[in-house]
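Student: Hi! I've got a structure open and I'd like to talk it through with you. Can we start with a single residue and work outwards?

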Amino acid sequence: MHINVINADPTPFQSITSTLVKEKLITELYKIVFLVLALLGFHSAALAQADKHNQLLDQYIFNPLVINPAYAGKNQALTAVAHHRYQDHRFSAGRLIQSVSLHSPIGGENYNVGGIIALDRFGDRPTADVMAMYAWRIPVKKGHLSLGVQGGARFIGHDLNTFDDENTLGNAILPRFGGGVYYHVDDFFVGLALPDNVISTINIPETISNIVPHRLYTFIIGNTFRVNENFDVLPSVLLRRFGSGGVFADFNGSVIYDKRFSIGGSFRPERSIALITQMELGQFNIGYSFERWAHRWSGITARVHELVLTYNFRYNVKTVHPRNFK
């Protein structure tokens with residue numbers, strides 16, 4: 001008796017299994033994020049340090065390069081970003097931060113370079129940051145793993161218009177370095193970095209020690225969910241830890257229409273809430289955010305306006321949202 005054996009096509013089963021495993025992995029990663037928050041908590045000291053040292057990082061929603069050098073070259077095109085941020089304090093002079101950045105692949109898609117120049121003027125302590133990045137991009141199954149390093153310096157000066165006959169304010173140049181790891185697939189991303197670390201604080205005058213950047217750790221995770229053929233939803237979480245201080249988080253969410261327009265918001269517990277919107281116009285991407293924040297303990301409030309212009313020197317790059325990897 002002859003028995004015919006029918007070989008079933010395993011492809012549909014493998015596809016379903018792969019999808020279930022991926023969804024389970026994403027769920028577990030989000031659980032880890034919120035578990036870390038629950039264990040470490042939110043410390044007001046960390047919030048205060050963030051306001052002093054890392055205002056530039058608040059624009060990471062528009063330019064992830066500022067929190068992780070491994071992001072360099074991710075768009076597989078030369079990308080230029082110009083950033084303008086004005087922080088209007090109720091009882092003091094405003095704070096102005098401006099920056100420009102470039103990043104691009106070189107010699108193939110696996111090798112990438114980038115750079116950032118940022119100017120921060122607040123009171124009588126203007127600072128300038130200059131950083132250069134290098135990232136190595138490795139194909140991993142359906143996604144890419146990038147390893148990045150960066151180095152540069154922070155230049156700290158004083159306002160020459162301020163009377164200081166003893167010249168006690170002083171100037172300083174602080175060498176800095178950092179590194180990061182970044183992984184992404186079509187609709188999921190995760191990154192871990194130490195983007196801001198000062199090599200030495202020897203001979204730093206006490207009068208400018210309050211604007212010396214502390215060691216910073218960042219962790220970011222997010223996933224794009226397809227609602228229908230026109231709409232996507234992108235939630236993400238950024239965790240930041242400053243030196244030996246506490247951990248605090250940014251919770252972000254965006255609704256994306258036709259991969260060309262997005263609107264959403266950002267929430268930082270005990271600190272601020274923001275409205276964020278972006279629009280793609282050909283190779284241009286325009287982003288704007290309005291943030292309202294207040295310190296729970298000091299009662300100081302401020303309004304923040306940010307405008308970011310991004311230009312990709314290639315037509316087939318979709319950049320309505322920097323972390324939408326579809």
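Tutor: Sure! This is a predicted model. Let's begin with Asp129, which is buried, with a relative accessible area of 8%.

Student: What counts as buried here?

Tutor: Buried means under 20% relative accessible area, so Asp129, at 8%, falls on the buried side.

Student: Okay, and which residue forms a salt bridge with Asp129?

Tutor: That's Arg176, and the closest N and O atoms of the two are 2.2 Å apart. Arg176 sits in strand β6 (residues 172–184) and Asp129 in strand β4, so the salt bridge ties together parts of the chain that are 47 residues apart in sequence.

Student: Is Arg176 buried or exposed?

Tutor: Buried: Arg176 has a relative accessible area of 8%.

Student: Why would two side chains like that pair up at all?

Tutor: Side chains of opposite charge can pair when their charged atoms come close.

Student: How many salt bridges are there?

Tutor: The count comes to 11 salt bridges. One of them joins Arg240 to Asp250, with the closest N and O atoms 3.0 Å apart. Arg240 belongs to strand β10 and Asp250 to strand β11 (residues 247–257), so this pair ties together parts that are 10 residues apart in sequence.

Student: And are those two buried or exposed?

Tutor: Arg240 is buried, with 1% relative accessibility, and Asp250 is buried too, at 0%.

Student: Which residues are linked with them in a network?

Tutor: Arg268 and Glu291: together with Arg240 and Asp250, they are linked in a network of salt bridges.

Student: Got another salt bridge for me?

Tutor: Try Glu280 and Arg260, whose closest N and O atoms are 2.9 Å apart. This pair links distant parts of the chain, 20 residues apart: Glu280 is in strand β13, while Arg260 is in the loop between β11 and β12 (261–268). Glu280 is buried, with a relative accessible area of 7%, but Arg260 is partly exposed at 34%.

Student: Let's change topic. Can you give me the big picture of the chain?

Tutor: Happy to. The chain has two helices and 15 strands. Of its 326 residues, 48% count as buried. Among contacts between residues at least 6 apart in sequence, 56% join residues at least 24 apart. The accessible surface comes to about 16600 Å², and 64% of that belongs to carbon and sulfur atoms.

Student: What's in the largest nonpolar core?

Tutor: That core has 17 residues, and those with the most contacts inside it are Tyr60, Leu65, Ile67 and Ile220. The elements that give two or more residues to this core are β4 (127–140) and β10. Strand β4 gives the most, with three residues.

Student: Which residues does Leu65 touch?

Tutor: Leaving out residues up to four places away in sequence, Leu65 touches several residues, including Tyr71, Leu102, Ile116 and Met133. Apart from the core we just discussed lies another core, of eight residues, among them Val185, Phe188, Val190 and Val247.

Student: You mentioned β10. Which strand does β8 pair with?

Tutor: Strand β8 is joined to β10 (residues 231–242) by seven bridges, and the two run antiparallel. Leu216 stands opposite Phe242 in β10. Six of the eight residues of β8 (residues 216–223) are buried, so this strand is largely enclosed by the rest of the structure.

Student: Do the loops have anything worth a look?

Tutor: Have a look at Gln283, in the loop between β13 (272–281) and β14 (284–294). At 10% relative accessibility, Gln283 is buried. The side chain of Gln283 makes a polar contact with the side chain of Tyr311 at 3.4 Å, and the Gln283 side chain also reaches the backbone oxygen of Asn312 at 2.6 Å.

Student: Last one: which residue in the loop between α2 and β1 should I check?

Tutor: Check Gln76, in the loop between α2 (44–53) and β1 (79–89). The phi of Gln76 is near 55°, a positive value in a residue other than glycine. Most residues other than glycine have a negative phi. Gln76 is buried, at 17% relative accessibility.

Student: And where is Asp258?

Tutor: Asp258 is in the loop between β11 and β12. Asp258 also has a positive phi, about 55°, although it is not a glycine. At 38% relative accessibility, Asp258 counts as partly exposed.

Methods:
Residues numbered from 1 in each chain as written. Predicted model: local features only at pLDDT ≥ 70, side-chain atom pairs only at ≥ 80, totals over all residues. Heavy atoms only, no water. Buried < 20%, exposed > 50% of the residue type's maximum accessible area, 1.4 Å probe, protein only. Helix = DSSP H or I, 4+ residues; strand = E, 2+ residues; numbered from the N terminus. Pairing = 2+ DSSP bridges. Polar contact = N/O pair within 3.5 Å; in protein donor to acceptor, adjacent residues only side chain to side chain. Contact = heavy atoms within 4.5 Å. Areas by Shrake-Rupley, 256 points an atom, 1.4 Å probe, with all protein chains shown as cover. Core = buried A, V, L, I, M, F, W, Y, C linked by side-chain atoms within 4.5 Å. Salt bridge = Lys/Arg side-chain N within 4 Å of Asp/Glu carboxyl O.
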